[in-house]
Amino acid sequence: MSIKPTQDTSNVNNTTTISPTNIDTPKNNSQENLFGIFIIAFLAGLAAIFTPCVFPMIPMTVSFFLKGDKKQGKFNAIVYGLSIIALYTIPIALLIIISNIAGGQEFTAGIFNALSTHWLPNILFFIIFMLFALSFLGMFEITLPSGIINRAENRGNKGDLIGIFFLAFVLVLVSFSCTGPIVGSVLVESTNGGNAIKPIIAMLGFSIAFAMPFTLFAFFPEIMKKMPKSGGWLNTVKVVLGFIELALGLKFLSVADQTYHWHLLDREPYLAIWIAISIMLGLYLIGKIKLPNDDDLEFIKVPRLILAIISFAFAIYLIPGMFGAPLKALSGYIPPITTQDFVISEGGINTQNTISKLCEKPLYSESLKLPHNLEGYFEYNQAINCAKIQNKPLLLIFTGHGCVNCRKMEEIVWKDSKVKSIMQNDYILCALYTDDRSEDISGKTTIGKINTELQISKYQINAQPYYVILDAKNPENPLLNPQGYNPDIENFINYLEEGIKNYHRLTIEN
């Protein structure tokens with residue numbers, strides 16, 4: 001049966017909102033996400049220590065603190081470490097606070113959403129990352145104007161508490177050419193999902209790890225004697241980071257590509273570039289490639305050999321993805337399977353091979369698709385109408401092209417045969433992309449803006465993924481509490497089955 005597509009958005013704008021207390025956003029998962037961001041940022045901070053801009057400064061700085069009164073020196077080291085943490089964390093916190101005061105949490109979430117999905121910042125980040133990567137590989141050197149550094153250093157040499165703060169400021173400035181892309185990676189990744197706390201947690205984790213050796217070695221200077229001496233290995237670290245930045249920088253171009261449907265960097269070319277980078281990195285580590293500033297490699301040390309093995313193994317792991325393998329460990333960090341042309345498990349070309357069970361052709365289906373050959377809609381009113389006609393519950397899926405956890409749910413949970421069967425046979429699916437920049441059917445706004453306003457106005461939340469089960473005849477009230485990110489397959493099956501039970505119970509009662 002076919003129905004006429006509606007362009008009326010009254011259902012979106014005039015719906016009754018539900019109380020935030022009825023929304024089931026798993027606190028444990030939220031805490032786990034924040035903890036995960038902290039750990040990733042902390043590890044990034046540790047990696048930043050072992051760069052040529054930072055590592056040689058550790059013994060010099062610690063020695064400066066330990067001159068004269070040892071107790072005062074330890075106190076100064078604590079102030080120095082806290083200053084580093086403050087320099088990375090407080091500016092981000094202030095920006096978020098000012099943004100919340102100026103426009104509220106929705107305004108701040110909108111800024112994060114634009115930062116993580118709009119083509120302009122993503123292309124800008126892509127270019128910056130490529131420049132930093134080329135610098136790491138030895139093509140040229142990126143430095144800040146010497147005047148800024150000299151002025152900060154002169155103020156820092158005065159030795160008082162403010163002077164120590166400026167010494168920390170000098171470290172942040174001098175190390176920028178090495179830490180800039182690492183901080184940028186962590187910060188941009190933390191803005192995904194619209195949670196204003198995540199960037200603060202990310203900068204806190206990074207800065208704690210980054211500041212730790214300067215304070216720790218002031219209390220235990222004997223440990224510093226066991227540190228490896230500066231040398232050619234620092235340039236090797238920098239080059240390895242350069243290869244990693246080349247790979248990570250593609251993520252920004254990919255997000256813009258998916259959001260605007262340019263199809264410049266679909267799954268196959270993305271994986272092909274990653275495979276090439278991994279192989280080149282492995283060849284570099286075993287001495288088959290030599291770059292500027294590298295020392296002659298007489299033999300390969302065991303840690304370097306292990307890293308080379310990991311790099312080659314990663315390339316081998318990626319190769320099946322060229323033919324449609326899910327690569328679950330990387331879901332969310334590579335383009336989705338829906339952008340893949342050739343999928344062996346689906347008989348070659350990635351197209352719908354089954355007879356459609358939908359009421360009509362979904363709007364926006366030329367550019368939007370559900371993974372695993374699932375069928376569904378991408379427009380709220382069209383899905384509501386079909387759910388009424390087929391007498392099925394409606395599963396709203398608030399998602400996004402740049403949403404890492406959305407891709408994880410699709411690759412880990414949706415791919416399960418039982419989950420897929422329930423979603424396809426017992427529900428009408430409606431995937432609402434909150435970051436899609438294509439024009440909606442009215443031609444007056446974008447798909448993403450319509451869907452974001454719908455989610456915020458009805459559910460007072462702007463986080464993805466977000467699942468809502470509705471009775472299309474009474475869409476104002478969800479059949480059970482909405483659910484956020486949770487990669488537990490059994491949990492999602494129970495959620496879907498409970499929604500079906502509630503739908504049938506209400507149907508009988510009415």
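Hi everyone, this is a short walk through the disulfides, one sheet and one helix pair of a predicted model.

Let's start with the cysteines. As a reminder, a disulfide is a covalent bond between the sulfur atoms of two cysteines. How many disulfides does the structure hold? There are 3. If you count the bonded cysteines along the chain, they pair up in the pattern 1-2, 3-4, 5-6.

Take Cys 53 and Cys 178 to begin with. Their sulfur atoms sit 2.0 Å apart in the model. This pair ties together distant parts of the chain, with the two positions 125 residues apart in numbering. Where do the two partners sit? Cys 53 is in the loop that runs between helix H2 (27-49) and helix H3 (57-65), while Cys 178 belongs to helix H8, residues 176-190. The link is right-handed, with 55° about the S-S bond. Are these two cysteines buried or exposed? Both Cys 53 and Cys 178 are buried.

Next comes the bond between Cys 359 and Cys 386, where the S to S distance is 2.2 Å. Here, too, distant parts of the chain are linked, and the partners are 27 residues apart. Cys 359 lies in the loop between strand E2 (348-349) and helix H14 (380-390), and Cys 386 is in H14 itself. The link of Cys 359 and Cys 386 has 85° about the S-S bond and is right-handed. Both of these cysteines are buried.

That leaves Cys 403 and Cys 406, joined with an S to S distance of 2.2 Å. Why do we call this disulfide right-handed? Because the torsion about its S-S bond is about 80°. Cys 403 and Cys 406 are each buried.

While we're on cysteines, let me mention Cys 430. Its relative accessibility is 0%, so Cys 430 counts as buried.

Now for the sheet. Please find strands E3, E4 and E5 on the structure. They form an open sheet of 3 strands, in the order E4-E3-E5, and the pairing is mixed. Which strands are at the edges? Those are E4 (428-433) and E5 (466-470), each of which pairs on one side only. From one strand to the next, the twist averages 20°.

Let me zoom in on one pairing. Strand E3, residues 394-399, is joined to E5 by 5 bridges, and the two run antiparallel. If you'd like a residue to click on, try Phe 398, which stands opposite Tyr 466 in E5.

We also meet H14 again here, the helix that carries Cys 386. H14 lies across E3, E4 and E5, and runs at about 175° to E4.

Last stop: H8, where we left Cys 178. Two packed helices are described by the angle between their axes and the distance between the axes. For H8 and helix H9 (residues 197-219), the axes come within 8 Å and cross at roughly 150°. That makes H8 roughly antiparallel to H9. The crossing of the two is right-handed.

Which residues make the contact? From H8 we have Thr 179, Ile 182, Val 183, Val 186, Leu 187 and Ser 190. H9 contributes Lys 198, Pro 199, Ala 202, Met 203, Phe 206 and Phe 210.

That's my tour, so thank you for listening!

How values were computed: Residues are numbered from 1 along each chain as its sequence is written. This is a predicted model: local features need pLDDT of at least 70, side-chain atom pairs count only at pLDDT 80 or more; totals for chains, interfaces and linings use all residues. Side-chain values use heavy atoms; hydrogens and water are left out. A disulfide is a pair of cysteine sulfur atoms within 2.5 Å. Helices (H or I, at least four residues) and strands (E, at least two) are DSSP runs, numbered from the N terminus. Buried means under 20% relative accessible area, exposed over 50%, partly exposed in between (1.4 Å probe, protein chains only). Two strands pair if DSSP finds at least two bridges between them. Axes are lines fitted to C-alpha atoms, for helices over the stretch in contact, and angles run from 0 to 180 degrees between N-to-C directions. Contact means heavy atoms within 4.5 Å. Angles under 35 degrees count as roughly parallel, over 145 as roughly antiparallel, 65 to 115 as roughly perpendicular and the rest as oblique. A crossing is left-handed if the near helix is turned anticlockwise from the far one by less than a right angle, and right-handed if clockwise.
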